[in-house]
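Hi everyone, thanks for coming. I'd like to walk you through one structure today, so let's put it up on the screen.

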Amino acid sequence: MRAFKLALLTVFILLPSYAEASSMLMDRHGNIYTAGQDSVVCHTPDGNRMELARFDSTVLDLAISRQGSIFALDANGVVWMLPPEGGKQPVGRSLGNAKAMTVDRDGNLILGNENEEFRTLRP
């Protein structure tokens, strides 16, 4: 079990012993999303765990839009959108070796690599 202290709230997430979270984020409802190996999982504030999607490769990073869509960057360089209503769909490709991403205030995805090269992707 891992504990994460967020302001005055301590959140405990039970991860299987084989799991390593490569990315984690929280939405405005208090749900925590973890990525690693080949899946994205939602951990709700009441302790439920739900797998949102599986992938053919390791998920490197997650980002979230203001509308609540989760974006996942996989090791093959594919950016996936996981909309709030469920499912997954590819929305683009990264620089080829992108390792991280974020969403800007206009809803664009900004992807970056270890060479500080950035690409903007409009989902």
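**A three-residue charge network**

Let's start with E51, which is partly exposed, at 39% relative accessibility; on this scale, buried means under 20% relative accessible area, exposed over 50%, and partly exposed in between, using a 1.4 Å probe and protein chains only. Before I go on, a word on the source: this is a predicted model, where local features need pLDDT of at least 70 and side-chain atom pairs count only at pLDDT 80 or more, while totals for chains, interfaces and linings use all residues. Residues are numbered from 1 along each chain as its sequence is written, and side-chain values use heavy atoms, leaving out hydrogens and water.

So what does E51 pair with in a salt bridge? Its partner is R54, and the closest N and O atoms are 3.0 Å apart. By salt bridge I mean a side-chain nitrogen of Lys or Arg within 4 Å of a carboxyl oxygen of Asp or Glu. Shared partners join D38, E51 and R54 into one network.

The structure holds 2 salt bridges, and D38 with R54 is one of them, at 3.3 Å from N to O. D38 sits in the loop between β4 (32–36) and β5 (39–43), while R54 is in strand β6 (residues 49–54), so this pair ties together parts that are 16 residues apart in sequence. Strands here are DSSP runs (E, at least two residues), helices are H or I runs of at least four, and both are numbered from the N terminus. D38 is partly exposed at 26%, and so is R54, at 45%.

**The strands and the cores**

Stepping back, how many helices and strands does the protein chain have? There are 0 helices and 13 strands. Of the chain's 123 residues, 41% are buried.

Now for the inside. The largest nonpolar core has 14 residues, and V40, F55, V59, L62, A72 and L82 have the most contacts inside it. A nonpolar core, by the way, is a set of buried Ala, Val, Leu, Ile, Met, Phe, Trp, Tyr and Cys residues joined through side-chain atoms within 4.5 Å. β4, β5, β7 (59–64), β8 (70–74) and β9 (78–82) each put at least two residues into this core. β9 gives the most, with 3 residues.

F55 also takes us back to the charge network: leaving aside neighbours within four places in sequence, its contacts (heavy atoms within 4.5 Å) include D38, V40, A72 and L82.

Over in strand β4 we find G36, which is buried at 10% relative accessibility. The C-alpha atoms of G36 and L60 are 6.8 Å apart, with their positions 24 residues apart along the chain.

**The largest pocket**

Last stop: which residues lie nearest the centre of the largest pocket? They are D27, Y33, G68, I70 and P84, out of 19 that line this pocket. The lining divides into 9 nonpolar, 7 polar and 3 charged residues; Ala, Val, Leu, Ile, Met, Phe, Trp, Tyr, Cys and Pro count as nonpolar, Asp, Glu, Lys and Arg as charged, and the others, Gly among them, as polar. A pocket, on a 1 Å grid over the protein atoms alone, is an open set of points with protein on both sides within 12 Å along at least five of seven lines, and lining residues have an atom within 4 Å of a point.

Methods
On a 1 Å grid over the protein atoms alone, a cavity is a set of points where a 1.4 Å probe fits but cannot get out, and a pocket is an open set with protein on both sides within 12 Å along at least five of seven lines; lining residues have an atom within 4 Å of a point.
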